[in-house]
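Biologist: Could you take me on a close look at a single part of this protein? I would love one connected walk through it.

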Amino acid sequence: MQLGFYVDTAICSGCKACMVSCKDKNDLNVGRNFRRVYEYAGGSCTDNGNGVFSQSVFAYYTSISCNHCNTPACTTACPTGAMHKRAEDGLVMIHDDICIGCSSCSQACPYDAPQLDEARGKMTKCDGCIDRLNAGKQPMCVDSCIHRALDFGPIDELRAKYGDTAEIAPLPSASITKPNLILKVHPDGQPVGSGAGSVVNPNEV
């Protein structure tokens with residue numbers, strides 16, 4: 001079995017309830033985020049010369065954590081084997097006792113999932129809320145989403161329910177690490193690599 005996430009960018013409002021609840025559960029300091037909410041916006045207004053303006057303005061939000069990829073770049077980059085992918089559920093985890101905090105995994109991950117705990121000198125990341133999963137609950141981010149824009153479970157079941165799209169700007173190409181992520185694309189969603197917009201609110205919480 002392989003577990004994964006579903007994100008509905010068509011209804012996500014960017015409220016960051018998922019992000020804040022994750023920080024609270026994991027007692028994360030400012031600047032360390034296991035889940036991040038990206039606002040991607042762009043477009044322009046054009047004067048048609050007749051007193052009327054046309055516009056192509058768009059904006060949408062994408063909530064992203066570790067995608068527990070099929071070919072995770074972080075595990076390949078880890079020099080000690082601390083970063084590993086579990087056989088039983090496909091979750092990418094960290095052996096804390098052998099992690100040396102070198103940040104090689106963070107530098108390799110195209111989704112910025114691994115985060116350095118500077119106080120302990122160890123890498124940290126989303127573990128799918130393994131303690132909650134073991135108790136028969138959903139990850140904290142999923143349960144805290146006020147719009148129900150997030151879902152989590154066996155990736156085959158999620159794909160049967162939601163499809164298999166895994167790309168939207170500003171995320172990287174899914175071909176890099178084959179993320180266990182499914183996206184419902186916003187009506188104004190831009191393709192990966194699009195220069196039509198930019199990330200306008202870096203996460204500073």
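Biologist: What covers the buried residues of α1?

Modeller: Happy to help, and please keep in mind that this is a predicted model. The cover over the buried residues of α1 includes the strands β2 (36–42), β5 (58–64) and β10 (150–154), together with the helix α5 (140–144). Helix α1 itself spans residues 17–26, and its buried residues are Cys 18, Met 19, Ser 21, Cys 22 and Lys 23. As background, residues three or four places apart in an α-helix point the same way, because each turn takes 3.6 residues. Just past the end of α1, Asp 27 has a positive phi of about 55°.

The last residue of your helix also leads us to another feature. Asn 26 is one of the residues lining the largest pocket, and others there include Phe 34, Arg 120, Lys 125, Cys 126 and Asp 127. This pocket holds about 160 Å³ of space. Two elements each give two or more residues to its lining, namely β7 (92–94) and β9 (122–124). Strand β7 supplies the largest share, with three residues. Sorted by class, the lining has six nonpolar, four charged and two polar residues.

For a contrast with the buried cysteines of α1, Cys 18 and Cys 22, have a look at Cys 45, which lies in strand β3 (residues 45–47). Cys 45 counts as exposed because its relative accessibility is 56%, and the cut-off for exposed is over 50%. Leaving aside residues up to four places away in sequence, Cys 45 touches Ser 54, Gln 55 and Val 57. Val 57 is 12 residues from Cys 45 along the chain, and their C-alpha atoms are 7.3 Å apart.

Conventions. Residues are numbered from 1 along each chain as its sequence is written. This is a predicted model: local features need pLDDT of at least 70, side-chain atom pairs count only at pLDDT 80 or more; totals for chains, interfaces and linings use all residues. Side-chain values use heavy atoms; hydrogens and water are left out. Helices (H or I, at least four residues) and strands (E, at least two) are DSSP runs, numbered from the N terminus. Buried means under 20% relative accessible area, exposed over 50%, partly exposed in between (1.4 Å probe, protein chains only). Contact means heavy atoms within 4.5 Å. On a 1 Å grid over the protein atoms alone, a cavity is a set of points where a 1.4 Å probe fits but cannot get out, and a pocket is an open set with protein on both sides within 12 Å along at least five of seven lines; lining residues have an atom within 4 Å of a point. Grid points are joined across faces, edges and corners, and a volume is the space filled by probe spheres set on the points. Ala, Val, Leu, Ile, Met, Phe, Trp, Tyr, Cys and Pro count as nonpolar, Asp, Glu, Lys and Arg as charged, and the others, Gly among them, as polar.
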